[in-house]
Amino acid sequence: MKDNYQYKVSASGRVNLIGEHVDYCGGKVFPAALSLKNDVYIRPNGTDKINLSWTTLNDKITLDIHRLDEYKNVKYANYIAGSLWAWQKAGNRVIGADMLFECRVPFGSGLSSSAAIEVSTIAAMATITNTPLDKPVIALAAQRAEREYAGVNCGIMDQYASACGVKGHAMLLDCSTLFCEQVPVDLGEYSLVIINCNKPHNLVESKYNERRAETEEALKILQTKLPIKNLAEVTIEQFDEYGRFLNGKVFDRAKHVVFECDRVNKASAAMKSGDIKTLGKLLNESHNSLRDLYEVTGRELDTLQKAALSSPYCIGSRMTGAGFGGCTVSLVKTANKSDFETSVVDAYLKEIGYAPSVYEAEIDDGITVEKL
Ligand code: GLA
């Protein structure tokens with residue numbers, strides 16, 4: 001049935017190597033696009049309707065291209081409608097089409113299935129309307145869908161990684177300027193292993209928005225002392241001097257942001273010079289800070305990280321993404337990957353009572369278009 005479509009347009013899920021909860025503070029992040037993707041099969045249908053179907057669901061939903069703002073509460077279709085809505089709002093053509101979706105990014109995994117759906121939806125529409133694929137522009141429209149349609153006040157990292165990823169590279173992305181440097185991921189005798197703790201997600205959006213508000217409060221206070229636009233501009237030395245003006249949790253959240261930004265610089269330098277041990281150490285420090293200062297890990301992710309680090313083959317491990325569930329990313333001796341995975345799965349199962357999932361994924365291109 002897929003052969004009856006005109007194009008297959010895909011966009012990636014992502015893993016963030018380091019730089020967590022700093023994108024919305026104007027910091028640098030270091031994500032990579034994955035071979036786990038959302039695929040959209042698309043053909044124009046000459047009407048004013050967009051017919052949605054899924055390879056994994058029996059639902060069929062039709063959207064009216066003149067009323068794209070009306071589907072906010074329609075399960076499965078809301079992210080797609082929101083993306084087309086944001087694309088149309090930005091002045092682009094949206095035409096009637098049949099779209100078949102196949103999401104290969106596990107839902108609720110913290111690997112950004114929603115960004116993959118948003119970005120591939122827009123890229124598919126751009127393809128059939130002969131609109132040039134400007135990937136950063138597509139990422140920005142997808143982010144708008146997430147913020148204004150789905151109500152999650154997210155940063156730009158996920159949509160940017162999903163759109164602009166390059167095979168074999170991680171993106172060192174400055175979220176205040178969108179300047180992006182593609183850095184080859186060369187890990188020597190190590191590999192990345194992504195494991196989902198499989199904790200059922202709940203309240204992620206509200207806790208996420210709460211953290212964002214706390215960093216905004218920190219910024220407001222520090223702006224009375226320093227000429228800064230973003231929290232990520234605060235150096236460790238400045239924080240040592242002015243951090244005392246922040247209280248309690250707001251101090252902790254800001255401290256995480258300032259030190260995490262420093263770790264991103266060190267981690268990208270370590271990757272470029274092939275110093276994988278240092279990279280591993282920085283991953284561990286990032287996790288500890290997300291656990292103790294930012295408080296977004298939880299028992300399941302902490303157990304998974306500890307289980308990873310108790311393996312002799314692992315030199316660094318951290319949660320990746322928003323947290324409160326989802327995945328860890330670990331640096332593991334390639335030759336001993338399967339021993340590592342067995343020991344982590346066993347230790348986690350023993351402690352938590354259900355098994356985690358280990359994903360096989362490569363670092364891949366973001367948006368891809370295939371003519372069928
Ligand atoms: C989610 C958001 C991103 C980013 C991460 C945390 O994935 O969508 O914008 O804030 O959390 O780093």
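This report describes a predicted model of one protein chain, moving from its domains and cores to a sheet and a few individual residues.

## Two domains

The domain assignment of the chain gives two parts, domain 1 (2-184 + 364-371) and domain 2 (190-359). Domain 1 is therefore written as two stretches of sequence, whereas domain 2 is given as a single range. The C-alpha centres of domain 1 and domain 2 lie 25 Å apart, and the two parts touch each other through 34 residues of domain 1 and 39 residues of domain 2.

## The nonpolar cores

The largest nonpolar core of the model has 91 residues, and the members with the most contacts inside it are Ile50, Leu52, Leu63, Met99 and Met125. Helix H2, which covers residues 113-128, supplies the largest share of this core with eight residues. The core is not confined to one part of the assignment, for at least three of its residues come from each of domain 1 (2-184 + 364-371) and domain 2 (190-359). Apart from this core lies another, of 30 residues, and Leu17, Ile18, Phe30 and Leu282 are among its members.

Methionine 99 gives a view of the surroundings inside the largest core. Once residues up to four places away in sequence are set aside, methionine 99 touches Tyr5, Val40, Tyr41, Ile42, Ile50, Asn51, Leu52, Ser53, Thr121 and Ala124. Two of the residues named here, Ile50 and Leu52, also appear among those with the most contacts inside the core.

## An open sheet of four strands

Four strands form an open sheet in the order S10-S11-S9-S12, and their pairing is antiparallel. Strand S10 (314-320) and strand S12 (357-359) stand at the edges with a single partner strand each, so one side of each is left without a neighbour in the sheet. From one strand to the next the twist averages 30 degrees. Helix H8 (residues 276-292) packs on this sheet, where it touches S9, S10 and strand S11 (327-333), and the direction of the helix makes about 40 degrees with that of S10.

At one edge, S10 and S11 pair in the antiparallel sense over six bridges, with methionine 319 standing opposite threonine 328 in S11. These two strands form a hairpin with six residues between them, and glycine 321, in the turn, has a positive phi of about 95 degrees. Although S10 stands at an edge of the sheet, seven of its seven residues are buried, so the strand is largely enclosed by the rest of the structure. At the other edge, three bridges join strand S9 (residues 190-196) to S12 in an antiparallel arrangement, and asparagine 196 stands opposite serine 357 in S12.

## Two polar residues of strand S1

Arginine 14 lies in strand S1, which covers residues 7-16. With a relative accessibility of 3%, arginine 14 counts as buried, because the limit for that term is under 20%. The side chain of arginine 14 makes a polar contact of 2.8 Å with the side chain of aspartate 158 and another, of 3.3 Å, with the side chain of serine 112. Leaving aside neighbours within four places in sequence, the residues in contact with arginine 14 include Pro31, Leu34, Gly110, Ser112, Met157, Asp158 and Gly321. Arginine 14 and tyrosine 160 are 146 residues apart in sequence, yet their C-alpha atoms are 9.6 Å apart in space.

Asparagine 16 is also found in strand S1, and at 0% relative accessibility it counts as buried. The side chains of asparagine 16 and glutamate 20 are joined by a polar contact of 3.0 Å. Beyond residues up to four places away in sequence, asparagine 16 touches Val29, Phe30, Pro31, Met157, Arg318, Thr320 and Val329.

## A buried alanine in helix H7

Alanine 267 is found in helix H7, which covers residues 248-272, and its relative accessible area of 0% makes it a buried residue. Not counting residues up to four places away in sequence, alanine 267 touches Ile18, Phe30, Leu279 and Leu282. Of these contacts, Ile18, Phe30 and Leu282 are named among the members of the core of 30 residues. Tryptophan 54 stands 213 residues from alanine 267 along the chain, and their C-alpha atoms are separated by 39 Å.

Technical notes. Residues are numbered from 1 along each chain as its sequence is written. This is a predicted model: local features need pLDDT of at least 70, side-chain atom pairs count only at pLDDT 80 or more; totals for chains, interfaces and linings use all residues. Side-chain values use heavy atoms; hydrogens and water are left out. A nonpolar core is a set of buried Ala, Val, Leu, Ile, Met, Phe, Trp, Tyr and Cys residues joined through side-chain atoms within 4.5 Å. Buried means under 20% relative accessible area, exposed over 50%, partly exposed in between (1.4 Å probe, protein chains only). Contact means heavy atoms within 4.5 Å. Two strands pair if DSSP finds at least two bridges between them. Axes are lines fitted to C-alpha atoms, for helices over the stretch in contact, and angles run from 0 to 180 degrees between N-to-C directions. A polar contact is a pair of N or O atoms within 3.5 Å; within protein, one must be able to donate a hydrogen and the other to accept it, and residues adjacent in sequence count only if both atoms are side-chain atoms.
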